[in-house]
Every structure is written in C-alpha cells, then in structure tokens.
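Student: I should like to learn how to read a structural model feature by feature. Where should we begin?

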Amino acid sequence: MHVSDAPVGSRELTTERRKPAAAAAARSFPLRYAGRTVIALGAHPDDIELGVGGSIAALSAAGTRVVMAICSVPADYETRVAEAGAAAAILGAELRVLMPGGCRRIEDIKTYQLVGLLDEMVRDLRPAAILTHGPTDFHRDHVAVFNACLSTQRLQPFDFYSYLPTMCRPVPVPFQPRAYIDISGTIDRKMAAIAAHHSQFYSRGITYEMYRDFARINGRMVGVEYAEGLDISRIIFS
Ligand SMILES: [Zn+2]
C-alpha cells in the first residue's frame with residue numbers, strides 16, 4: 001500500500017505510539033536539564049546532599065553538568081572539603097568552594113560581597129537551574145544564601161528551586177514542597193553521599209536516617225518509593 005493510501009487511523013496510531021516517550025521525557029526532571037548546567041548551592045558542606053542529593057545523582061546520570069557550590073566552611077576546613085569532595089564524586093558532580101582557603105562564616109562578608117560571589121559563579125556557569133535553601137529555613141546562613149540567590153536572578157533567567165530546611169538534629173520548620181523529584185533510583189547514592197560527611201554524623205553520634213524518612217514520606221505523597229520535595233521561586237517553560 002502507498003503511504004498516502006494508509007487509513008487516517010493508522011497514521012494517528014503512529015503518532016500515538018510516539019507520544020509516550022515524548023510525554024515521559026517532558027515529565028522528567030533530569031531530562032529537562034540533560035546537556036545543560038545546574039548549580040546546587042549550599043551555605044555549608046553537607047547541606048546540598050541532605051536537600052537534593054538524590055536529585056543531583058539523577059541529573060548527573062542523565063547527562064547534566066552539576067556543580068555543587070558550597071559558600072563557606074565554618075570549621076575543620078581540610079576535613080570538610082575532603083568529605084564534600086567525596087560526596088560530590090558519589091553523586092557525579094563537581095565541587096566548588098566559593099570562600100576557599102580556610103574557615104570562614106557567611107557573616108564574615110557583607111551581603112553585597114556574597115551576592116558578588118554568586119554573580120561571578122552565574123556569569124561563569126550560565127546555569128539552567130539553581131537549587132538552594134529556602135526562605136523558611138531556621139539557619140540564618142541558609143536564609144542569607146537564599147536571599148543572595150534571589151538577587152542573582154537579575155543577571156539571567158534560570159529555574160530557581162528551594163530544598164527543604166537542612167539540619168543535623170531535627171527542628172520543626174515549615175516547608176511545603178510544590179514539586180517532587182522521584183529519587184527511588186538514587187536514594188542509596190544520596191544516603192552514601194551524606195555518610196561521606198563522617199565528621200558531622202558518625203563522630204558526633206548523630207543519625208541521618210531522617211533524610212531517608214523525609215524521602216519516603218515525599219515519595220508516598222506522589223506515588224513513588226522515594227522523592228525529594230522542592231519549592232519553586234521561578235520556572236521557565238519554552
Ligand atoms: Zn548549613
């Protein structure tokens with residue numbers, strides 16, 4: 001049969017068969033950023049892994065360049081940078097320390113200087129998205145980084161997400177995810193990346209299993225085994 005003689009219904013069927021893969025890709029958070037650059041930003045070592053370690057592993061597996069940017073290292077500089085490097089390697093990401101060379105705190109620099117550090121990074125990396133702290137966090141350093149990132153949005157458009165308040169010991173803080181990333185396939189890498197921060201957990205007798213619990217609860221909310229929740233400040237659709 002000549003192609004043009006094919007019944008209309010069969011052409012529609014061919015189109016229909018193409019739809020599921022395209023639709024699945026359109027719903028996929030990692031595939032949205034494949035071949036692009038995403039910055040995961042945290043005030044301190046371990047914040048990023050606790051907040052979005054599973055999402056980072058999924059992004060890097062899908063072909064996204066993920067840069068894990070730590071603003072400051074408050075103590076034990078060499079140890080904590082080494083732990084952060086090990087965690088980044090587990091997640092398939094690059095590590096940057098924005099205030100390198102020794103122990104510093106966010107409050108050691110002025111707000112405009114913190115914005116300047118983030119501006120420099122955004123000009124360099126041209127990210128498609130940034131994942132960082134949110135405004136409801138109880139840690140003032142985390143909120144300062146979120147506010148600086150708000151300012152950096154003026155340089156270029158990028159998708160801007162916030163992850164849950166991160167902490168070693170549980171503190172009740174409001175956070176309402178508006179997006180959920182399925183991390184059922186990367187939960188073990190997330191937990192391994194958190195475990196790489198040996199000085200923060202094992203040596204102080206602190207468990208980090210509550211982050212598996214958060215992921216399980218978020219997953220249950222959306223019908224998958226494990227998920228990470230994100231708030232959305234801005235997302236850009238083409
Ligand atoms: Zn922190």
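Tutor: Let us begin with the metal site, and with a definition: donors are N, O and S atoms within 2.8 Å of the metal. Please keep in mind throughout that this is a predicted model.

Student: How are the donor residues of the zinc ion spaced in sequence?

Tutor: Their spacing follows the pattern H-x2-D-x94-H. Asp-47 belongs to helix H3 (residues 47-61) and His-142 to helix H6 (residues 140-152), so this pair ties together parts that are 95 residues apart in sequence.

Student: Which atoms are the protein donors of the zinc ion?

Tutor: His-44 contributes ND1, Asp-47 is listed twice through OD, and His-142 contributes NE2. These donors lie 2.1 to 2.6 Å from the zinc ion.

Student: Why is the arrangement around the zinc ion described as irregular?

Tutor: Four donors count as tetrahedral if all angles lie between 85 and 135 degrees. Here the four donor atoms subtend angles of 54 to 147 degrees, which makes the arrangement irregular.

Student: Are Asp-47 and His-142 buried or exposed?

Tutor: The general idea is that buried means under 20% relative accessible area. Asp-47 is buried, because its relative accessibility is 4%. His-142 is buried as well, with a relative accessible area of 1%.

Student: How should one read the protein chain as a whole?

Tutor: One may start with its secondary structure, which comes to eight helices and seven strands. The C-alpha trace spans about 75 × 40 × 30 Å along its principal axes. Of the 238 residues in the chain, 50% are buried. Among contacts with a separation of 6 or more, 79% are between residues 24 or more positions apart.

Student: What can be said of its surface and its charges?

Tutor: The protein chain exposes about 11,600 Å², and carbon and sulfur atoms supply 55% of that area. It has 26 positive and 25 negative side chains, with the centres of the two sets 5 Å apart.

Student: How does one read the buried residues of a helix?

Tutor: An α-helix has 3.6 residues a turn, so residues three or four places apart point the same way. In helix H7 (residues 187-195), the buried residues are Ile-187, Lys-190, Met-191, Ala-193, Ile-194 and Ala-195. The cover over the buried residues of H7 includes H3, helix H4 (77-91), helix H8 (210-222) and strand S7 (227-234).

Student: Where does Ser-72 lie, and which residues is it in contact with, leaving aside neighbours within four places in sequence?

Tutor: Ser-72 is located in the loop between strand S2 (65-70) and H4. It is buried, with a relative accessible area of 0%. With those neighbours left aside, Ser-72 is in contact with Ala-43, His-44, Pro-45, Met-99, Arg-104, Arg-105 and Ile-106. His-44 in that list is also a donor of the zinc ion.

Student: Is Glu-78 buried or exposed?

Tutor: Glu-78, found in helix H4, is exposed, with a relative accessible area of 64%. Its C-alpha atom is separated by 9.1 Å from that of Cys-103, which is 25 residues apart from it along the chain.

Student: Which backbone angles deserve attention?

Tutor: One case is Asp-76, a residue other than glycine with a positive phi, near 50 degrees. Asp-76 lies in the loop between S2 and H4. Another case is Arg-126, whose phi is positive at about 45 degrees although it is not a glycine. Arg-126 lies in the loop between helix H5 (111-125) and strand S4 (129-132), and it counts as partly exposed at 49% relative accessibility.

How values were computed:
Residues numbered from 1 in each chain as written. Predicted model: local features only at pLDDT ≥ 70, side-chain atom pairs only at ≥ 80, totals over all residues. Heavy atoms only, no water. Donors = N, O, S within 2.8 Å, 3.2 Å for Na, K, Ca; no water. Tetrahedral: all angles 85-135°; square planar, octahedral: opposite > 155°, others 65-115°. Helix = DSSP H or I, 4+ residues; strand = E, 2+ residues; numbered from the N terminus. Buried < 20%, exposed > 50% of the residue type's maximum accessible area, 1.4 Å probe, protein only. Contact = heavy atoms within 4.5 Å. Areas by Shrake-Rupley, 256 points an atom, 1.4 Å probe, with all protein chains shown as cover. Lys, Arg positive; Asp, Glu negative; His and termini not counted. Charge placed at Lys NZ, Arg CZ, Asp CG, Glu CD.
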